Every structure is written in structure tokens, then in C-alpha cells.
Amino acid sequence: MLVESNLPAGMPAPENSDSSSLRQWLAVGAVMIGAFAFVTTEFLPVGLLPHVAKELDVLPGTAGLMVTIPGIIAALSAPGLMLGAGRMDRRHVFLLLTGLLLASNLLSAFAPNFVVMLFGRALLGAGLGGFWTLATAAAGRLVQPKDAAKATAMILTGVTGATVIGVPLGTFIASFASWRVSFMATGGLVAVAFVAQLLLVPSLPSDKALRFSDLVSLMRRPFARRSMLMVGLVFGAHFSSYTYITPFLLGNASLEMSTITWLLLGFGIIGFFSNFAVSNTVNRSLKGSVAAMVSLLMFALLSMPLLRHLEWAVSIDVLAWGIAFGALPLCFSVWIQRATPDLPEAGSALFVSTIQVAIAVGSSVGGTIVDHIGIPADFLLGSALALLGLAALASFGRSAAEAASEQLACPATPE
């Protein structure tokens, strides 16, 4: 077991040495494994959607509720769970949430019908919102202050790592076994994450509970409100389309399932390296990094339905999309951290809640469009939302972006 951290929630470990110890980095690694497990479970239906829809006898758009339901529940649990946790040791909260994730995977794997499947996915949402709020807020407490950004980036590699390995692997398993085996395999991964957190994450007591007034105070800040709007639009653009990428590649682009599996793997791999590449630029030009990645996302979503008959062009678009989304979680996480240094758990809770609302609304609206108009129209919707995200980014102006960076040293509102 690691040495206990007796600091309040949101405060980093004391800088009593030049570098974080191996034990501290192992604790970060345990949380990263949890992030990997959560994201793999959250987006597993993306690659399995046609299989699940066929066996449980629902339309593809309806099957998209497997992504929508967790998003709705997570949007509520992100602030709700942290408010309810009070001063509970954050280590115990980590273990509770990972336990919910394990139950979700097992219930989904053995679901006899779509209703039971959605109940299992609801359990995922209950744990998901709280986990992401806690993981991003607690990253700086697990290491020395100067390593806080690296710890956050390391935890976020669990996101890209799940995209690289988790989702494509689930699709691969389903191709020779079944989608149920994919959920069971993910359950095994969650069990590993639970044990790692049990053994490696230190005690993280909190002497200050998150209050509802903290959330209200934060949302009264114009910069914070516009930041959440920008995040919601961009994540909505991604998930309104990404939820249905497999049906699009299969039905509209006429690709073989084996080719789709490799493309999804390429999406994840290139996103993994994009995350590392952008981590070197966000400190120098955060706004420029966000603008470049959102523009790339918009281009990919706009061109895919237009070029769907050209396999090579669709493949390039999928990889460009992977570059964009591989970098955006880190870019926005740093943006929110800089905007809310005095209320880290509140900022993290609203950030996660905004993302989950975007996932739920995006996949739901996308599903309606898919069932009634078609997937190409859904991708055009995604590109339009990305354009609105760029407009929101442009509204900050140069001075506002600089003010956000200055909040690292001063908790005052940048506006």
C-alpha cells in the first residue's frame, strides 16, 4: 500500500522532492487502468452495434441508446455523486465506482433482452460521471505539483489507449466469438483495474466536501459558461457521428468488417500519438491547438459522406478524425483546469457533466437522424456542430485565452 495522502481534495501532493516517486507514478498508473476500463466499456457498443441490434432485435438507431443512456446518467452522477460523497475518502470512491463498472459489464454480457442491456449500461453511467470527475481532480494529489500536468496526461492516455486497443479488440473478439464475449473480456479488464486501485492508490481523504454553491459560483463566471458551451458543441459533433461510424463504413462506404476493424484500430493508434504530440504544444499555444483539432474534426465529418464511394478517401478521413479526437480531450482538460484552479472538483464535475450531456444528446439526435434520414445526414450535422464549436472558440478572443492561462496563478475570473 502507498503512503497516505492527507491533503484536501484538489490540492497536490507537497513538493518535498524534485521528482515524484515510483510509488506515486504507480498510483497514477492504477487510475489510468481504470480510465482505460471505463472508456473501453463506454464505447464498446460502437464496434458491436450491428451485432447487438441484430441479436436483440432493435434498429441501429435504437441500439445507439447503449451510448445515450450512460451519457444521461453520467451527466447527473458527475456532480451528484461528488456532492453525495461529501468528505468520503476518494480512494474508497474510486473502488466503489469501479465495482459498479464490473457489475455493468457482467449484466450487459448476459442481457437476455434490450431492456436489461440498457439497465446494465445505466450502471455504467452511474459510475462513469463520478470516476472522471474524481480522476481529473485527484491527478495532482497523486504526484508532486510539478508533475501534475504529466499525471493528468497519463490518465488521459487511458482514453486513447482504450480507443487503440479496447474498442477495436472488442470488435475483433465479436468477429470470431460474439459481442457477449467482448463484454465478458472487458469485465476481466475491470477486475484488473479494481485490484490495481485496491493495492496502489493511497488514501485520499477530503476535508472539504464539494458544495452545490461551488457549482453555482463557477457557472456564474462568463468564461466558464462559454468554455462549457464550446466543449459541449465539439463533443456533440464527435459523438453524434462516431456512435454510428461502424454502420456507416459497413453500409454506406461498403467496406468489409475486417477492413473496418483495422480502420478503427488505426483511428485509435493515430489518436494515441496525437495525444502525445499535442501535449508538447498545449502549453505554448492552447487556443491554437484547440482550433487546429476542431477544424480537422469538422473537415473529416464533412468529407466522409461526400467521399464515401472512395475507400482510400474514407480511410484518410477516419485517420484524420482519429488525430483530432486523440488530442481534444487533453486540450479541453487543460483548458478547464486553467479556467477553474480555485474550484478543481467543481470544474471537473461540470466538465464531465457537459461531455456526458453532449454524448447523450449527440448520440440520441444522431440516432433519430440515422433512422429517419440516413447516416450521411448525421455526419453533416456533426460537421455543423464542429463549426459552431469553432465559433465559440473564436468568441473568447486572444485576451480571454491569455486570461485563462493566467488563472493558474490567480483564481480571479478572466472576464
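This section describes the fold, confidence and selected local features of a predicted model.

The chain is helical in its regular elements, with 16 helices and zero strands. Of its 415 residues, 58% are buried. Among contacts between residues at least 6 apart in sequence, 86% join residues that are at least 24 apart. The accessible surface of the chain amounts to about 15600 Å², and carbon and sulfur atoms account for 69% of this area.

Confidence was examined along the chain. The mean pLDDT is 81, and 88% of the residues reach 70 or more. Among the elements, helix 15 (residues 375-394) has the highest mean pLDDT, at 93, whereas helix 16 (residues 397-406) has the lowest, at 48. Two segments have pLDDT values that stay under 50. One comprises residues 1-16, for which the model has 53 contacts beyond four places in sequence. The other comprises residues 399-415, with 29 contacts beyond four places in sequence. Where pLDDT is low, the predicted coordinates should not be read in detail.

Two helices illustrate the buried part of the model. Helix 11 spans residues 257-279 and contains 23 residues. The distance from its first C-alpha to its last is 33 Å, close to the 33 Å expected at 1.5 Å a residue. Buried positions in helix 11 include the glycines Gly266, Gly268 and Gly271. Ile260, Leu263, Leu264, Phe267 and Val278 are also buried in this helix, as are Thr261, Ser274 and Asn275. In helix 7 (residues 179-200) lies Thr186. Thr186 has a relative accessible area of 6% and therefore counts as buried, the cut-off being under 20%. Beyond residues up to four places away in sequence, Thr186 touches Ala37, Thr40, Thr41, Leu44 and Asn105.

A nonpolar patch is found on the surface. The patch is formed by Leu302, Leu306, Leu307, Leu310, Trp312, Ile316 and Leu380, which together have about 690 Å² of accessible area. Helix 12 (286-306) and helix 13 (311-339) are the elements that give two or more residues to this patch. Leu306, one of the patch residues, is located in helix 12. Its relative accessibility is 62%, so Leu306 is classed as exposed, for which the cut-off is over 50%. Thr186 in helix 7 is thus buried, whereas Leu306 in helix 12 is exposed.

Terms used
Residues numbered from 1 in each chain as written. Predicted model: local features only at pLDDT ≥ 70, side-chain atom pairs only at ≥ 80, totals over all residues. Heavy atoms only, no water. Patch = residues over 30% accessible without salt bridge, like charges linked within 9 Å, V, L, I, M, F, W, Y side chains within 5 Å. Areas by Shrake-Rupley, 256 points an atom, 1.4 Å probe, with all protein chains shown as cover. Salt bridge = Lys/Arg side-chain N within 4 Å of Asp/Glu carboxyl O. Helix = DSSP H or I, 4+ residues; strand = E, 2+ residues; numbered from the N terminus. Buried < 20%, exposed > 50% of the residue type's maximum accessible area, 1.4 Å probe, protein only. Expected span 1.5 Å × (residues − 1). pLDDT = per-residue confidence, 0-100. Contact = heavy atoms within 4.5 Å.
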